[in-house]
Amino acid sequence: MSQKPNYDLRTIASHFQILGNFIGAEPYGSGHINDTYSVSFNQGGKVVRYIFQRINHHIFKQPVALMENIQRVTDHLGKKLAGEPGSSSRLLTLIKTLGGAPFYRDDAGSYWRAYIFIEGARGYDAVESPAQAMAAARAFGRFQKLLADLPAPRLHDTIPDFHHTPKRFAALETAISNDVANRAKLARSEIEFALAHKEITGILLDARLPERVTHNDTKFNNVLLDEATGEGICVIDLDTVMPGLALYDFGDMVRTTTSPAREDEQDLSKVTMQFPMFEALARGYLSSAGDFLTLAEKQFLPFSGKLITFEIGLRFLTDFLAGDTYFKIHREGHNLDRCRTQFKLVESIKQQEPNMNKLVEELG
Ligand code: ADP
Ligand code: GN1
Ligand code: MG
């Protein structure tokens with residue numbers, strides 16, 4: 001809720017290989033982590049936009065390694081998509097600095113990167129139709145498939161143990177016992193809910209599933225849908241692309257792309273796992289990822305939705321108890337509201353899990 005510093009985007013942009021005259025910059029998007037701006041240039045009478053991002057280096061502690069990952073991933077995608085129609089809109093393209101680096105470090109120590117702005121497509125904070133869910137899942141599955149043959153070495157872990165649910169649970173236990181912001185009393189039932197579900201936290205890690213290159217933050221607004229066709233054209237937000245389980249990605253799709261409500265909805269009656277959305281997700285994901293997934297991975301698709309929704313709920317609750325130090329908040333109690341929607345969704349998934357499992361078995 002703190003006032004955003006006023007960054008001088010004109011000066012920052014002058015360090016990148018961008019032609020034309022700077023017109024202006026405005027904050028853009030609704031991400032919880034980085035600071036994102038749309039920056040416009042006049043290029044021979046035409047207005048051309050770029051996305052500029054200040055990397056949150058309190059969260060991503062090794063921005064240089066992170067940018068190395070993104071460079072490798074986007075180069076690989078570029079090679080694989082070369083020649084496809086509209087391929088330049090199908091992947092993020094980094095703009096280099098004048099010195100040829102993939103990021104610029106300003107005098108205050110902030111790390112900045114710039115991307116070509118993908119025009120004619122947009123992200124959504126809440127899903128509106130099964131067709132959108134299918135398009136998003138197909139795009140994320142394709143993303144995993146295209147990266148399956150990324151040459152060695154292994155990508156850097158930009159946030160170690162990012163989806164290690166038992167460690168996320170332990171962090172919550174610590175936050176409860178420290179109660180630094182004296183807020184545990186405001187979250188009694190959420191704490192009780194979290195503690196009552198401890199037994200699910202280790203299930204995926206114990207299942208010995210294969211490590212893959214995964215996105216790890218497949219929130220619905222991290223894929224841009226073509227405004228004309230609805231196709232999921234570009235997967236964005238690549239900070240957490242690193243080794244992981246395919247199911248982390250599918251689980252986060254279920255978390256963010258089955259309920260009609262936004263993540264911070266205060267009317268919990270609106271939060272529900274809509275079965276047609278799950279079916280569309282499963283069909284879309286299997287259409288692009290089905291040929292490389294193992295049987296065990298497929299069998300865990302519904303469970304992964306429950307687990308990742310629970311895990312992000314734990315993280316919102318932990319941050320609420322710790323005094324809102326991680327996720328950007330825009331109102332008092334914002335992280336607690338977000339936690340409540342996650343736990344409500346876990347309940348809804350639990351009720352429908354047998355049907356979800358049946359569907360996945362039928363889809364094969
Ligand atoms: P965060 O990590 O904070 O979520 P994102 O990388 O997801 O940041 O970017 C925030 C928003 O900016 C996205 O939700 C999307 O709407 C928009 N965005 C990001 N990159 C691009 C791009 N290359 N072209 C168009 N829009 C973009
Ligand atoms: C953050 O960056 P953004 O807003 O897409 C978070 C995800 C959470 C998500 C919850 C690096 O994603 O892990 O699932 O918020 N990203 C990081 O909305 O922690
Ligand atoms: Mg994002």
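This report walks through the places where two ligands and a magnesium ion sit in a predicted model.

**Ligand 1**

Let's start with ligand 1, which has 19 residues around it. Gln-53, Ile-116, Ile-118, Asn-222 and Asp-237 come nearest. Sort that shell by class and you get 10 nonpolar, 8 polar and 1 charged residues. Two strands pitch in here: S3 (46-55) and S6 (111-116) each supply at least two residues of the shell.

Where does ligand 1 lie relative to domain 1 and domain 2? It lies between them, because domain 1 (9-119) and domain 2 (130-363) both give residues to its shell.

Now for some polar contacts. The side chain of Gln-53 has an N or O atom 2.8 Å from an oxygen atom of ligand 1. Ile-116 uses a polar backbone atom instead, 3.1 Å from a nitrogen atom of the ligand. Asn-221 also joins in through its backbone, with an N or O atom 3.5 Å from a ligand oxygen. How much of ligand 1 does the protein bury? Taken alone, ligand 1 exposes 550 Å², and the protein buries 93% of that.

**The magnesium ion**

Next up is ligand 3, the magnesium ion, whose protein donors are Asn-222 (OD1) and Asp-237 (OD), at 2.2 to 2.3 Å. These two residues are 15 residues apart in the chain. Asn-222 is in the loop between strand S8 (212-214) and strand S9 (223-226), while Asp-237 is in the loop between strand S10 (232-235) and strand S11 (242-244).

Are these donors buried or exposed? Asn-222 has a relative accessible area of 5%, which is under the 20% cut-off, so Asn-222 counts as buried. Asp-237, with 25%, is partly exposed. You may recall that Asn-222 and Asp-237 are also listed among the residues nearest ligand 1.

**Ligand 2**

Ligand 2 is surrounded by 17 residues, and the closest are His-32, Lys-219, Glu-263, Arg-315 and Tyr-326. By class, this shell has 7 nonpolar, 4 polar and 6 charged residues. Helix H10 (residues 301-321) gives the largest share, 3 residues. Ligand 2 lies between domain 1 (9-119) and domain 2 (130-363), because both give residues to its shell.

Here are some of its polar contacts:

| Residue | Part of the residue | Distance to an oxygen atom of ligand 2 |
|---|---|---|
| His-32 | backbone N or O atom | 2.8 Å |
| Lys-219 | polar side-chain atom | 2.8 Å |
| Arg-315 | polar side-chain atom | 2.8 Å |

As for cover, ligand 2 exposes 440 Å² when taken alone, and the protein buries 97% of that.

Technical notes: Residues are numbered from 1 along each chain as its sequence is written. Chains are lettered from A and ligands numbered from 1 in the order in which they are written. This is a predicted model: local features need pLDDT of at least 70, side-chain atom pairs count only at pLDDT 80 or more; totals for chains, interfaces and linings use all residues. Side-chain values use heavy atoms; hydrogens and water are left out. A residue is near a molecule or strand if one of its heavy atoms lies within 4 Å of it. A polar contact is a pair of N or O atoms within 3.5 Å; within protein, one must be able to donate a hydrogen and the other to accept it, and residues adjacent in sequence count only if both atoms are side-chain atoms. Accessible areas come from the Shrake-Rupley method with a 1.4 Å probe; for residues, only the protein chains shown count as cover. Helices (H or I, at least four residues) and strands (E, at least two) are DSSP runs, numbered from the N terminus. Ala, Val, Leu, Ile, Met, Phe, Trp, Tyr, Cys and Pro count as nonpolar, Asp, Glu, Lys and Arg as charged, and the others, Gly among them, as polar. Domain bounds come from an automatic or database domain assignment. Donors are N, O and S atoms within 2.8 Å of the metal (3.2 Å for Na, K and Ca); water is not among the atoms, so sites may look incomplete. Buried means under 20% relative accessible area, exposed over 50%, partly exposed in between (1.4 Å probe, protein chains only).
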